[in-house]
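Welcome, and please get your viewer ready. We will stop at a pair of sites and then step back to see the whole fold.

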Amino acid sequence: MKDKLFIAGQWVAPVKGGSFDVVNPATEQTIHRAPAGTAEDIDLAVAAARQAFDVGPWPRMSGRERAVILRRIADIILAEKHALAHLEVLDNGKPLPEAIWDIEDVAGCFNLYATFAEELDENPEEPIALADARFSSKAVREPIGVAGAIIPWNYPLLMAAWKVAPALAAGCTMVLKPSELTPLTALELGAIVERAGLPAGVLNIVSGLGPDAGQPLSEHPGIDKLAFTGSVATGSKIMATAARDIKNISLELGGKSPFVVFADSDIEKAVEWIMFGIFWNQGQVCSATSRVLVEESLYAPLLERLVAEAAKIRIGDGLADGTLLGPLVSSGQYQKVLAAIARGKAEGATIAGGGKRPEGFDTGYFLEPTILIDMTENSFIWTEEIFGPVVCVKPFRDEADAIRMANDSRFGLAAAVMSKDKARCERVAKGLRAGIVWINCSQPTFAEAPWGGYKQSGIGRELGRWGLSNYLETKQITTFESDDPWGWYIK
């Protein structure tokens, strides 16, 4: 485990020498003291990234040359996937099979953006047809500059890859600030890119507390682009700060995603996808389908099956064989989720299943998979993101009622619809105000497809070619081709 920051290709102690506890959420024990970067370290990291961008080789390499290093990064990640996954479990708490899947996706993300980097060479410029034949014009795409990335704790290394891989593919340099709750694998990424031969200063990694390191990064005048994934409240502050400097930003924020289940759905498939949509990663997923809307005639039997199956989910330490639901990431998150459940009950909701610490778990931030019913449409538990293994279930009358209820939210990240009627699924999918819509499933995520939301769920799109575009600027270059004077001023 790394105890230094990665700046300018070197492992350095924080300027102020601080550190903070990293806690295993399954045992509540401190497993490491991570380096606590501050504004002074952010200054050094931004200066290193600035130097690497302004005069270093990385932005001046061809896409194919950058792709070679991106693929080396992917190869090292795959070679180290079990060690990285084990570290992710200790840090985050998720079950080991989920962590292994995440690390494989990290490698896939770097490989995909290696391909996109190569494609930048194939079409380096786009000719523009002009009405005046005396001029020629073209549009070229260039790296945006120095990027700052602030990532959350729910998918520590994967969220890093979603930002680092496209930024590097585009030719940008970056300062990465991981969550203080889960800094371990992000710091390991420094060692990985070092081994892969990434030039010094292209990627700098500064762990630290949000106010001490995250805020100085978001406010730094040397940053050309800021990418943030996290809460709406923090995203709003970052947006306000960016407005001051007219800074390019992309925000991937929260969600309260609906899952609409029509009465003709297969009940067993519906229950399985509902559980996957909310209990995967302990429900700590921005796109989790935490509002389940079930057509009235199917509501009672589906609820009965959901409660029964959720009770069978094996809870435990993420490193224990067979664990399907690990602990929540921290004491703070655990208390937040418990408080949300208590508020739901106080506002009239009924707990149909779960809702408390499981028997036999005296330590660790464990919570039973929780199913709530009978809440009103304006209640806190129905409208606000809980970010835990808590699902709210309500009946609806008909298609129009389902779409109305689903869209009645300040969020618009994701949504899902299930029915055997494909035409109805397509119709409802088009009616749902969300950036991601799943049909007859929930949560499958592919690096090739765009990711992002409507309304307060964020600005911009990550992944795929859309993610690459986040880190590219478009420049117009126009040339006067005629030998004759233009004739505007000189006669």
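**First stop: a threonine and its partners**

Select threonine 323 together with aspartate 317: a polar atom of the threonine 323 side chain sits 2.8 Å from the backbone oxygen of aspartate 317. Keep in mind as you look around that this is a predicted model.

Now add alanine 320 to the selection. Its backbone oxygen is reached by the side chain of threonine 323 at 3.2 Å.

Where along the chain are you? Threonine 323 belongs to the loop between α10 (296-310) and α11 (331-346), so colouring those two helices will frame the view.

Is threonine 323 buried or exposed? Its relative accessibility is 5%, and because buried means under 20%, threonine 323 counts as buried.

To see what surrounds this residue, show Pro95, Arg314, Ile315, Gly316, Asp317 and Gly318 as sticks. These are the contacts of threonine 323 once its neighbours within four places in sequence are left aside. Asp317 is thus on the contact list as well as being the residue whose backbone oxygen you selected at the start.

**Second stop: a glycine in another loop**

Next, centre on glycine 460, in the loop between β21 (458-459) and α15 (464-469). With a relative accessible area of 33%, glycine 460 is partly exposed.

Show Trp451 and Gly452 too: glycine 460 touches both, not counting residues up to four places away in sequence.

Then pick the C-alpha atoms of glycine 460 and serine 250. How far apart are they in space? The separation is 5.3 Å, although the two positions lie 210 residues apart along the chain.

**Zooming out: the whole protein**

Switch to a cartoon of everything. The protein has 15 helices and 22 strands. Its radius of gyration is 24 Å, close to the 23 Å from the globule rule for 491 residues, so the protein is as compact as a globular protein of that length. If you want to orient the view, the C-alpha trace spans about 85 × 55 × 40 Å along its principal axes.

Try colouring by burial: 56% of the 491 residues count as buried. A contact map is worth a look as well, since among contacts between residues at least 6 apart in sequence, 73% join residues at least 24 apart.

Finish with the surface. The protein exposes about 20100 Å², with carbon and sulfur atoms supplying 53% of that area. Colour by charge, and you will find 48 positive and 62 negative charges, whose mean positions are 3 Å apart.

Technical notes: Residues numbered from 1 in each chain as written. Predicted model: local features only at pLDDT ≥ 70, side-chain atom pairs only at ≥ 80, totals over all residues. Heavy atoms only, no water. Helix = DSSP H or I, 4+ residues; strand = E, 2+ residues; numbered from the N terminus. Rg over C-alpha atoms; globule rule 2.2 N^0.38 Å. Buried < 20%, exposed > 50% of the residue type's maximum accessible area, 1.4 Å probe, protein only. Contact = heavy atoms within 4.5 Å. Areas by Shrake-Rupley, 256 points an atom, 1.4 Å probe, with all protein chains shown as cover. Lys, Arg positive; Asp, Glu negative; His and termini not counted. Charge placed at Lys NZ, Arg CZ, Asp CG, Glu CD. Polar contact = N/O pair within 3.5 Å; in protein donor to acceptor, adjacent residues only side chain to side chain.
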